[in-house]
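Student: I am new to this protein and should like to examine it in order. Please begin with the terms that the strands require.

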Amino acid sequence: MTKTKTYDAHAVGRRKSAVARVYVKAGGTGQITVNKRDVKDYLGQATSRYVINQPLNLLKVSDKYDILVNVKGGGITGQAGAIRLGIARALVKLDPTVRSQLKKEGFLTRDARKVERKKYGLAGARRSFQFSKR
């Protein structure tokens with residue numbers, strides 16, 4: 001039994017500890033589904049929805065593609081950044097001519113910042129315990 005391909009492009013986006021697998025289908029109505037839920041239900045913050053739509057709004061194609069996203073790990077902000085990177089990478093796979101536009105805006109750059117680990121002898125990554133002379 002062969003699995004039928006129901007999408008036109010697939011890409012992976014990562015940010016912090018969040019990983020997003022993005023599937024883009026051309027000729028859609030602009031519907032974005034995240035973890036089998038509508039994007040408005042999944043991401044309550046308007047800023048997170050704005051971050052996700054940035055690559056689509058830049059290229060003015062927000063109503064031409066249906067997007068299906070599976071995302072796990074991290075928090076809401078990390079997941080939104082991972083989804084944005086995945087969408088941008090998938091759009092480049094569909095149309096390589098838009099790469100320069102997305103690259104210029106920084107949507108194709110993986111944000112490598114992660115949480116710094118806690119060090120021994122300290123209260124946190126850099127914070128020390130409260131100093132007391134006596």
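Tutor: Two strands pair if DSSP finds at least two bridges between them. Helices (H or I, at least four residues) and strands (E, at least two) are themselves DSSP runs, numbered from the N terminus. This is a predicted model, in which local features need pLDDT of at least 70 and side-chain atom pairs count only at pLDDT 80 or more, while totals for chains, interfaces and linings use all residues. Residues are numbered from 1 along each chain as its sequence is written, and side-chain values use heavy atoms, with hydrogens and water left out.

Student: In what pattern do the helices and strands follow one another along the sequence?

Tutor: The protein contains four helices and five strands. Read along the sequence, they give the pattern β-β-β-β-α-α-β-α-α.

Student: What is the radius of gyration of the protein, and what does the globule rule give for 134 residues?

Tutor: The radius of gyration is taken over C-alpha atoms, and the globule rule is 2.2 Å times the number of residues to the power 0.38. The protein is more spread out than a compact globule, because its radius is well over the value of the rule. Its C-alpha trace spans about 70 × 35 × 30 Å along the principal axes. The radius of gyration and the value from the rule are, respectively, 19 Å and 14 Å.

Student: Which residue in β2 is the bridge partner of Arg15?

Tutor: Strand β2 covers residues 18-26 and pairs with β1 in the antiparallel sense over seven bridges. Two residues lie between these strands in their hairpin, where Lys16 takes a positive phi near 55°. Within β2, the bridge partner of Arg15 is Ala18.

Student: Which residues form the uncovered face of strand β1?

Tutor: Strand β1 comprises residues 9-15, and its covered face consists of Ala9, Ala11, Gly13 and Arg15. The uncovered face consists of His10, Val12 and Arg14.

Student: Which residues does Arg14 contact, leaving aside its neighbours within four places in sequence?

Tutor: Arg14 belongs to strand β1 and, at 42% relative accessibility, counts as partly exposed; buried means under 20% relative accessible area, exposed over 50%, and partly exposed in between (1.4 Å probe, protein chains only). Its C-alpha atom is separated by 23 Å from that of Gly30, 16 residues apart along the chain. With contact meaning heavy atoms within 4.5 Å, the residues in contact with Arg14 are Val19, Ala82, Leu85 and Arg110.

Student: In what order do the strands of the open sheet lie?

Tutor: Strands of a sheet pair through backbone hydrogen bonds, either parallel or antiparallel. Here β2 and β5 pair in the antiparallel sense over eight bridges, whereas β3 (residues 32-34) runs parallel to β5 and is joined to it by three bridges. The sheet of five strands therefore has mixed pairing, with the order β1-β2-β5-β3-β4. Its edge strands, each pairing on one side only, are β1 and β4 (37-38).

Student: Which residues of strand β5 point to the buried face?

Tutor: The side chains of β5 (residues 65-72) alternate, and Asp66, Leu68, Asn70 and Lys72 point to the face that is not buried. Leu68 stands opposite Tyr23, and Val69 stands opposite Val34. The buried face carries Tyr65, Ile67, Val69 and Val71.

Student: Is Lys36 exposed or buried, and what is its relative accessible area?

Tutor: Lys36 is found in the loop between β3 and β4, and its phi is near 65°, a positive value in a residue other than glycine. Asn35 has its place in the loop between β3 and β4, with phi near 50°, and counts as partly exposed at 24% relative accessibility. Most residues other than glycine have a negative phi, and most peptide bonds are trans. Lys36 is exposed, with a relative accessible area of 77%.

Student: How far apart in space are Gly106 and Tyr7, C-alpha to C-alpha?

Tutor: Gly106 is found in the segment after α4 (99-105) and is partly exposed, with a relative accessible area of 25%. Gly106 and Tyr7 are 99 residues apart in sequence, and their distance in space is 25 Å.

Student: What share of the 134 residues counts as buried?

Tutor: Among contacts in the protein with a separation of 6 or more, 66% are accounted for by residues 24 or more positions apart. Of the 134 residues, the share that counts as buried is 34%.
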